[in-house]
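Visitor: Could you take me on a close look at one buried spot in this model, and then show me how its surroundings connect? I would enjoy one long, connected answer.

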Amino acid sequence: MALSPAVDGDAVPPGLVRRSPGARWRPFLVFSLGLAILFAVLAVYPLVRVVLGLLIVDGNFTLAPIQRIFAIPDLAELLFNSVVVVGASSVIALVVGGGLAWLNERTDARLGALTDSLPLIPFLVPPIAGAIGWVLLLSPTAGLLNGALRGALGPLGYSDSSGPLNIFTWYGLIFVYVLYQVPYAFMTVSAGLRNSDTTLEEQSRVSGAGPGRTFWRVTLPSIRPALGGAVLLMLVQGLALFSIPVIIGTGAGIEVLAVRIVELLNFTYPPQMIEAIGLSLIMILLVGLAWFAQDRVLKSGRHGTVGGKGQRFEVVRLKRWRPLARAALLLYGLLAVVLPVGGLVLVTLNGFWTPNIDWGGLSFEWFNKTVFERPVSMRALSNSMTLGVIGASIGMLVAGIISVLIVRNRWRLTRVLDGAIKMPAVVSHIVIAVGMILAFAGPPFMLGGTVAILLLAYIVVYLPQGSVSTDAAVAQVGKDLAEASAVAGAGYGRTFFRVHLPLIVPAMVAGWAFLFARMAGDLTATAILAGPSNITVGFLLLQTYQNGSYGQLAPIAVVLTVISSAVVITVISLANLWSRRSSRRGRVRAVTMEAKANG
């Protein structure tokens, strides 16, 4: 059967000339499909190696590795610690992030771009930098904030030489987890609130229900899918998080699965690969259980419907509570960024860690010695920035090409490839790093200890997150532009570069900024795959922490935060400028193509 020139496979509109089937398989389409297959294999193959590594040893099927896993003496404690920390922080973050999202989307507490940018705040501060910052602030004896509190409470009778707060506790660990889980809840719930139909809420208020009853009986059920998605995302991210539990959890004597897996691979001789693989598989099972629970909730049908376009939102007037609500929105920024970064800066300028700051002796001398005059620091920064730039560039270009392929060609094959490429989004990054070692560190690839294996891991891990923005952008382009381009004689590749690419560049640039910040400051996959031969900032921070050199930790964490923040802010500003210009150019190009098609 002849195919339509409309590349999405829909029926040919009246008056358009059909093309032969071969016209559809242009070189760029074949290239896009091959690219999707390549990255689907890169995403799935390491995970397959993890599963096979537990069941096949020296080419023979055996259950002995599973017996070794259950023989780990403190396995139950590891599971308990991981479930409690991740579960408790996810629940608290859902309440906090969901509450902040409601205040920003449904009330008059919103402060424009300031509160809209809340999801980006922790992305500007790598989790390892935030964890180090809170240790510098709330360590029992030397914590800067504890020192200030002891001074303030002294006249009231407080005479202890430590405290009053302690970051090395269950409460401290969960608190820092929550700070870096809130953005995922905020973003997901905000999207759910923006896309929900407010008709039911208006009817509830008209029938006499107050704001509180409307919120519990109508608003929450209508965004239940968003709440479920936020919980699943936080559970996956929480299980994968390594920097916070290794810095704060170790000091508190609380060990989780992610930390134990890294220890088995990097700090045990010989490396205990079987046990690491087994614990990785347990993490996969935990995520699978969370996904199953979310799926059951969504299939229960007990959530409200969401409406179409053009919704009106009736803003809830908080009246006398508005200042308090705005203070709550700003408090999160204070806790997530200002305080931890402030602690890092003070220690950097002071030259060493002490609660008794010599305010007159602050200088950049120690910063220069630790960062710019230290070869290993410069090499780590160079590697991290290079990996961030190259990895983000490859990742977003691939995401854009594959998003167009999937949206324009709704084949069963493209849907399968899309699911395979996005699979790492619901698997712990620790598991993927273990799979990368099994798949590529040895023969025939021999990439162990190289920058190339880090680049592969970063792209596989963060490509699903980058594709979220490109998927949405491509879906908004519409079919009519691609059809007009095809009718005007443009092939698949020319349509991509002349129509889709200019319109999705803003989304790609915003995604690039996110991927750069995540890759440059990554410690999860880096903790397993990096070493002295391919050192990065994340690995250097981990190595410095293990040596107990907090005075050297602070300057490195500061420069990483400053570079990430500067790049993200600059790139997003450029993306907004491009968006306004490309929108005008896109409209002109569309009119021209339609004129040619009708001409």
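Guide: Happy to. Let's start with Ile167, which touches Trp134, Val135, Leu138, Ser139, Gly172, Leu173, Val176 and Ile248, leaving out residues up to four places away in sequence; contact here means heavy atoms within 4.5 Å. Before going further, please keep in mind that this is a predicted model, in which local features need pLDDT of at least 70, side-chain atom pairs count only at pLDDT 80 or more, and totals for chains, interfaces and linings use all residues. Residues are numbered from 1 along each chain as its sequence is written, and side-chain values use heavy atoms, with hydrogens and water left out.

Ile167 sits in the loop between α7 (144-153) and α8 (170-195); helices (H or I, at least four residues) are DSSP runs, numbered from the N terminus. With a relative accessible area of 1%, Ile167 is buried, a word that stands for under 20% relative accessible area, with a 1.4 Å probe and protein chains only. One of its contacts, Leu138, is 29 residues away in sequence, yet the two C-alpha atoms are 5.3 Å apart.

Another partner, Ile248, leads us onward. Beyond its neighbours within four places in sequence, Ile248 is in contact with Ala131, Val135, Ile167, Phe168, Gly172, Leu173 and Val176. Ile248 is also among the residues with the most contacts inside the largest nonpolar core, which has 169 residues. Such a core is a set of buried Ala, Val, Leu, Ile, Met, Phe, Trp, Tyr and Cys residues joined through side-chain atoms within 4.5 Å.

Ile261 is on that list of most-contacted core residues too, and it takes us to a helix pair. The axes of α13 (residues 257-266) and α19 (residues 429-441) come within 10 Å and cross at roughly 20 degrees, the axes being lines fitted to C-alpha atoms over the stretch in contact, with angles from 0 to 180 degrees between N-to-C directions. The two helices are therefore roughly parallel, the term for angles under 35 degrees. Ala258, Ile261, Val262 and Leu265 of α13 meet Ile430, Val434 and Ile437 of α19. These contact residues divide into seven nonpolar, no polar and no charged.

For a last stop, try Leu542 in helix α24 (residues 537-546). Leu542 is buried, with a relative accessible area of 3%. Its contacts beyond four places in sequence are Ile128, Phe242, Val246, Phe267, Leu523 and Ala527. The C-alpha atoms of Leu542 and Leu523 are separated by 8.1 Å, with their positions 19 residues apart along the chain.

Technical notes: Buried means under 20% relative accessible area, exposed over 50%, partly exposed in between (1.4 Å probe, protein chains only). Angles under 35 degrees count as roughly parallel, over 145 as roughly antiparallel, 65 to 115 as roughly perpendicular and the rest as oblique. Ala, Val, Leu, Ile, Met, Phe, Trp, Tyr, Cys and Pro count as nonpolar, Asp, Glu, Lys and Arg as charged, and the others, Gly among them, as polar.
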